[in-house]
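Dear colleague,

I am passing on to you the structure that we spoke about, and I would be glad if you could look through it before you read my notes. The notes come after it.

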Number of protein chains: 2
Amino acid sequence: MGEPRSTLPGTPRWQRRPADRPDEILDAALVVFGEAGFARAKLEDVARAAGVSKGTLYLYFDSKESLFREMVRAKVVAALAESETYVRTYEGSPRALLVEIIRRTYARMRGEQMTTIARVVQGELGHFPELARFYFDEVILRARRLIEEVLARGVATGEFRPGTAGFAARGLSSLLVHTAQVQCFFHAFDPHGLTDEQAIEGVIDLYLHGVLAHPAERT
Amino acid sequence: MGEPRSTLPGTPRWQRRPADRPDEILDAALVVFGEAGFARAKLEDVARAAGVSKGTLYLYFDSKESLFREMVRAKVVAALAESETYVRTYEGSPRALLVEIIRRTYARMRGEQMTTIARVVQGELGHFPELARFYFDEVILRARRLIEEVLARGVATGEFRPGTAGFAARGLSSLLVHTAQVQCFFHAFDPHGLTDEQAIEGVIDLYLHGVLAHPAERT
DNA sequence: TATATATTACTGACCGGTCAGTTATAAGGA
DNA sequence: TCCTTATAACTGACCGGTCAGTAATATATA
């Protein structure tokens, strides 16, 4: 995130590090936009967090908006790509894979920066049609396809029931994203709050079995 | 939402309607905050939408923040209360009640203003700790309790399996809220988009049955 | 290897627009 | 007539974006 500028005599007041600046600024942007949301976030603060001056931001990014877009792009794509290769190289049963994907995804959403991004993006989508399009194509759809692939494998082996394809992947995304968000935002208030581990187990159990006692009786 | 101010000669330029103003302003606030988010929303616009001048807002509300809080309070509580009496007076089977609650809740979230509120609130929660507390207590928890009651009835009759209580209610909230939001924000982009009806059926099917083909084999 | 010169990364004061909140004034109504 | 309700002009803080200038580095020259 950029060293604080040195004030020691002898050391230069700042260094030229054009290769590192963009990433440092993007990291800072994630933090500041994440805390404040787009509109409240001050470029001054992004600059300070990145250890540069405000003018420097404009050497690397065109505007506040474009900085925001670039930040989302940079931070979101890596995570998804990782999950994709995980699925592609996995060799166990589809059910075990599904459980593993749920665990990993939840962990990432809770631990790192994804809930922040999801929250801010969601709040700002209306004002950035271009970003909305990007987010849908590169995040929502891609995640959905990944889950659909896992589900399809399970249907092929007979572990998962067929005919859920239309919604099941969307459902899992929603379950994961929103559960993580609620845990994230409201855990502090919740007297009977679940631990993250309990929440994950709940997601897995619910997603695999549903709530019916006798699911054989289909309607 | 307040009549536009008359400019016809003869008609008074404005009327004193202190009893009606607050609600008109709250309606206007919902629209404007919903479109713009808290930070971007201009009180000028709220005033115009309410058919009053900006100064008038300050006769009824202390500040932008307090207007926002009051708006959320006013708009959210009614909806929940309605569902609560519905559940309390329902006489059919728990399973039918659950399905009905899902349908109604989804319909309300999609048709009216709830997704808007949910989105904006979520985006702004970090900046309004007091509102967050209120929202958690009066919305999240209350909705959860309502669902838990329905589930408990079903467990009692043997229709629902026991032991899901810890998470099942949370899971349904997440599923409903996030599904409605995704439908709302991204339907326009989605080439293979589901209709609302399909989405609801998906939620119901998934929530009742889960994805497993042979749920008997519990782990 | 030291010094002059050119280049480019970076700074921070400043400008202009925006908008929450205030206030002086007017109009309605009992 | 006097109080309440409403208006609209006003203020001042705030912040995105700019740019003239400066500091760090690279290159050329002796």
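Below is what was found, going from chain A to the pairing of the chains and then to the DNA.

Please keep in mind from the start that this is a predicted model. The mean pLDDT of chain A is 89, and 93% of its residues reach 70 or more. Among the elements of chain A, α2(A) has the highest mean pLDDT, at 96, while helix α6 (residues 114-124) has the lowest, at 86. As a general caution, where pLDDT is low, the predicted coordinates should not be read in detail.

Chain A

Chain A is built with 9 helices and 0 strands, and its C-alpha atoms fill a box of roughly 75 × 40 × 35 Å when this is taken along the principal axes. Of its 219 residues, 37% count as buried. If one takes the contacts in chain A with a separation of 6 or more, 67% of them are accounted for by residues 24 or more positions apart.

One helix that you may wish to follow by eye is α9 of chain A, residues 196-209, which has 14 residues and reaches 20 Å from its first C-alpha to its last, close to the 20 Å expected at 1.5 Å a residue. Its buried residues include A:A199, A:I200, A:V203, A:L206 and A:H209, and what covers the buried residues of α9(A) includes α5 (94-111) and α8 (165-186) of chain A together with α8 of chain B. Just after α9(A), A:G210 takes a positive phi of about 70°.

A second place to look is A:F134, which lies in helix α7 (residues 129-157) of chain A. Is this residue, A:F134, buried or exposed? A:F134 falls in between and counts as partly exposed, because 17 other C-beta atoms lie within 10 Å, whereas a buried residue would need 20 or more. A:F134 and A:V72 are 62 residues apart in sequence, and their C-alpha atoms are 9.7 Å apart in space.

The two chains together

Chain B can be laid on chain A with an RMSD of 0.1 Å by a turn of 180° and a shift of 0.0 Å along the axis, and the two copies are therefore related as by a two-fold rotation axis. In chain B, the C-alpha nearest the axis belongs to B:G210, 1.9 Å from it. The same surface serves both copies, since 100% of the contact residues of chain B recur in chain A.

The contact itself takes 45 residues from chain A and 45 residues from chain B. On the side of chain B that touches chain A, the elements that give two or more residues are α1 (21-40), α6 (114-124), α7 (129-157), α8 (165-186) and α9 (196-209) of chain B, and the largest share, 13 residues, comes from α8(B). The residues of this side of chain B divide into 24 nonpolar, 14 polar and 7 charged.

The DNA

Around DNA strand D there are 26 residues, and the closest are A:P12, A:G55, A:K64, B:S53 and B:G55. The elements that give two or more residues to the surface near this strand are α2 (43-50) and α3 (54-60) of chain A together with α3 (54-60) of chain B. Of these, α3(B) gives the most, with 4 residues. The residues of the surface near DNA strand D divide into 9 nonpolar, 6 polar and 11 charged.

With kind regards

How values were computed. Residues are numbered from 1 along each chain as its sequence is written. Chains are lettered from A and ligands numbered from 1 in the order in which they are written. This is a predicted model: local features need pLDDT of at least 70, side-chain atom pairs count only at pLDDT 80 or more; totals for chains, interfaces and linings use all residues. Two residues are in contact if their C-beta atoms, placed from the backbone, lie within 7 Å. Ala, Val, Leu, Ile, Met, Phe, Trp, Tyr, Cys and Pro count as nonpolar, Asp, Glu, Lys and Arg as charged, and the others, Gly among them, as polar. A residue is buried if 20 or more other C-beta atoms lie within 10 Å of its own, exposed if 12 or fewer, and partly exposed in between; C-beta atoms are placed from the backbone. A residue is near a molecule or strand if its C-beta atom, placed from the backbone, lies within 6 Å of it. pLDDT is the predictor's confidence in each residue, from 0 to 100. The expected span of a helix is 1.5 Å times one less than its number of residues. Copies are superposed by least squares on the C-alpha atoms of residues with pLDDT of at least 70 in both.
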